[in-house]
Amino acid sequence: MVNYKDLGLVNTREMFKKAVAGGYAIPAFNFNTMEQMQAIVQAAVETKSPVIMQVSKGARNYANATILRYMAEGAVAYAKELGCKNPEIVLHLDHGDSFELCKDCIDMGFSSVMYDGSSLPYEENIKISRQVVEYAHKYDVTVECELGVLAGVEDEVASEVSHYTKPEEVIDFATRTGCDSLAISIGTSHGAYKFKPEQCTRDPKTGKLVPPPLAFDVLHEIEKKLPGFPIVLHGSSSVPQEEVDTINKYGGNLPDAVGIPEEQLREASKSAVCKINIDSDSRLAMTAAIRKYLAEHPDHFDPRQYLKPARENMKKMYIHKIVNVLGSDGKLG
Ligand code: 13P
C-alpha cells in the first residue's frame, strides 16, 4: 500500500475549489506513453498550471499499471527538475468500472479515482459509488462519479446513445454518494467522431461539419441545484481540423471527424465545470506529427526521430488548451 502523498501527488479537492471560484478548469490529459507524460509535464511547468494526469483501464492494459504509477511519480520529479518548486499533479483513474479497480489504484498511489456507474440502474450506481467514496476518503483520495450517459467510444467504454444528466437527480446523487465531483452529460462524447454527419450542419464555405451546441441549459440547471459543486466534462476534445488534415494528407483516412468547438469549452470553464477531459486531441497530435515525419523521411527508422516532433506537437496542443481554452495558466500555488 502506497499513499499518493508519499509520491508528491495531490488530490483534487483544493484545486477544484480554486478553479470553481476562479472561473477556470483544470486540464485532465490521458496518458499511455513516456512522450505523452513528458509533454504534459513540460506544458504544465511552462504555463504554471496544475494538471491531472489520467489513466484509463485501457491504458493500464497497454502500458502496465505498475509502470504508469511510477511514471506519475517520475512526472513529479521531472516537474521539479524543470524548475517547478511545488508542482500540483494529480494521478487519476479515468472510468473505473468496479470497486476493486478503484481500490487497486488507491492502494497503488492514485490521488483521485473515477467510479463510472453511469450505465447502471440509478440505485446500483449510487451503491457502488458510495462504496468507492467510503474507501477512498479513508486515504484522502478524491472521487469523481458520473450521472448521465455519454455517447461514443473510449477504450472499453462505449455507448451508442447519450442521455443528458437529469438535473432533478443531482442533489440526491451527490448527497447519497458523497462524491467530490460529478461528471455530467450535456452533449460531449468520447472519440474523434463525436457526432454523426446528420446531427451536424455543414459550413457552406468550408464544407466542414458544424456540431450541435452543448446543452448549457442543463449545465446551468445543475449548477443551480448544486451551487459551487465541482462539475466534470468528459469527451471534450476539439478534434483540430489541421491535425485531421495532416493525417489525411499523409495517408490517413479520418473523414468527417468532428469535436467540441473550443469557444464552448471556454464558456463551460468559466462555470462550475472545473475539470475537462482531453485524450483524442493528444492522439491526433501525435499521429499527425508521426505520419508527416515518416512521409517526409522515408529512410529514417529511429523512433526518437519521429517521436520527438510528436512530443513537441502534443506539448504545443497542451499549452494551447491550458492558456486559450481552460484558463488554468498561472494558477499554481
Ligand atoms: P475525448 O475523446 O474527447 O478526448 O475524451 C476523453 C475523455 O473524456 C476521457 O475520459
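**Note on the predicted model: helix packing and selected residues**

1. Once its neighbours within four places in sequence are set aside, Ala 285 is in contact with Glu 243, Asn 313 and Met 314, where contact means heavy atoms within 4.5 Å. Ala 285 sits in helix H11, residues 280–296; helices (DSSP runs of H or I, at least four residues) and strands (runs of E, at least two) are numbered from the N terminus. With a relative accessibility of 0%, Ala 285 counts as buried, a word that stands for under 20% relative accessible area, while exposed means over 50% and partly exposed lies in between (1.4 Å probe, protein chains only). Ala 285 and Pro 309 are 24 residues apart along the chain, and their C-alpha atoms are separated by 9.7 Å.

2. A word on the basis of these values. This is a predicted model, in which local features need pLDDT of at least 70 and side-chain atom pairs count only at pLDDT 80 or more, whereas totals for chains, interfaces and linings use all residues. Residues are numbered from 1 along each chain as its sequence is written, and side-chain values use heavy atoms, with hydrogens and water left out.

3. On the overall fold, the protein has 12 helices and 13 strands, and its C-alpha trace spans about 60 × 50 × 35 Å along the principal axes. A compact globule of 333 residues would have a radius of gyration near 20 Å, and the 19 Å of this protein agrees with that; the radius is taken over C-alpha atoms, and the globule rule is 2.2 Å times the number of residues to the power 0.38. Buried residues make up 59% of the 333 residues. Among the contacts with a separation of 6 or more, 76% are accounted for by residues 24 or more positions apart.

4. The helix that holds Ala 285 packs against H12: the axes of H11 and H12 are 8 Å apart and the angle is about 145°, with axes being lines fitted to C-alpha atoms (for helices over the stretch in contact) and angles running from 0 to 180 degrees between N-to-C directions. The crossing is right-handed, that is, the near helix is turned clockwise from the far one by less than a right angle, an anticlockwise turn being left-handed. In this contact, residues of H11 including Ala 285, Met 286 and Ala 289 meet residues of H12 including Pro 309, Asn 313 and Met 314. By class the contact of H11 with H12 has 13 nonpolar, 3 polar and 2 charged residues, where Ala, Val, Leu, Ile, Met, Phe, Trp, Tyr, Cys and Pro count as nonpolar, Asp, Glu, Lys and Arg as charged, and the others, Gly among them, as polar.

5. H12 (residues 303–326) also packs with H2 (residues 34–47), their axes coming within 8 Å and crossing at roughly 40°. That makes H2 oblique to H12, since angles under 35 degrees count as roughly parallel, over 145 as roughly antiparallel, 65 to 115 as roughly perpendicular and the rest as oblique. The contact involves, among others, Gln 36, Ala 39, Ile 40 and Ala 43 of H2 and Leu 307, Met 314, Tyr 318 and Ile 322 of H12. Its residues divide into 10 nonpolar, 4 polar and 4 charged.

6. A further pair is H5 (residues 99–107) and H6, whose axes come within 10 Å and cross at roughly 15°, which makes H5 roughly parallel to H6. Phe 99, Cys 102, Lys 103, Ile 106 and Asp 107 of H5 meet Ile 128, Gln 131, Val 132, Tyr 135 and Ala 136 of H6. Also in H6, which covers residues 122–138, is Asn 125, a residue that is buried at a relative accessible area of 2%.

7. Two backbone angles deserve a look in the model. Most residues other than glycine have a negative phi. His 95, in strand E3 (residues 89–96), nevertheless has a positive phi near 55°, and Val 239, in the loop between strand E12 (231–233) and helix H9 (241–249), has a positive phi of about 50°. His 95 counts as buried at 5% relative accessibility, and Val 239 is buried with a relative accessible area of 4%.
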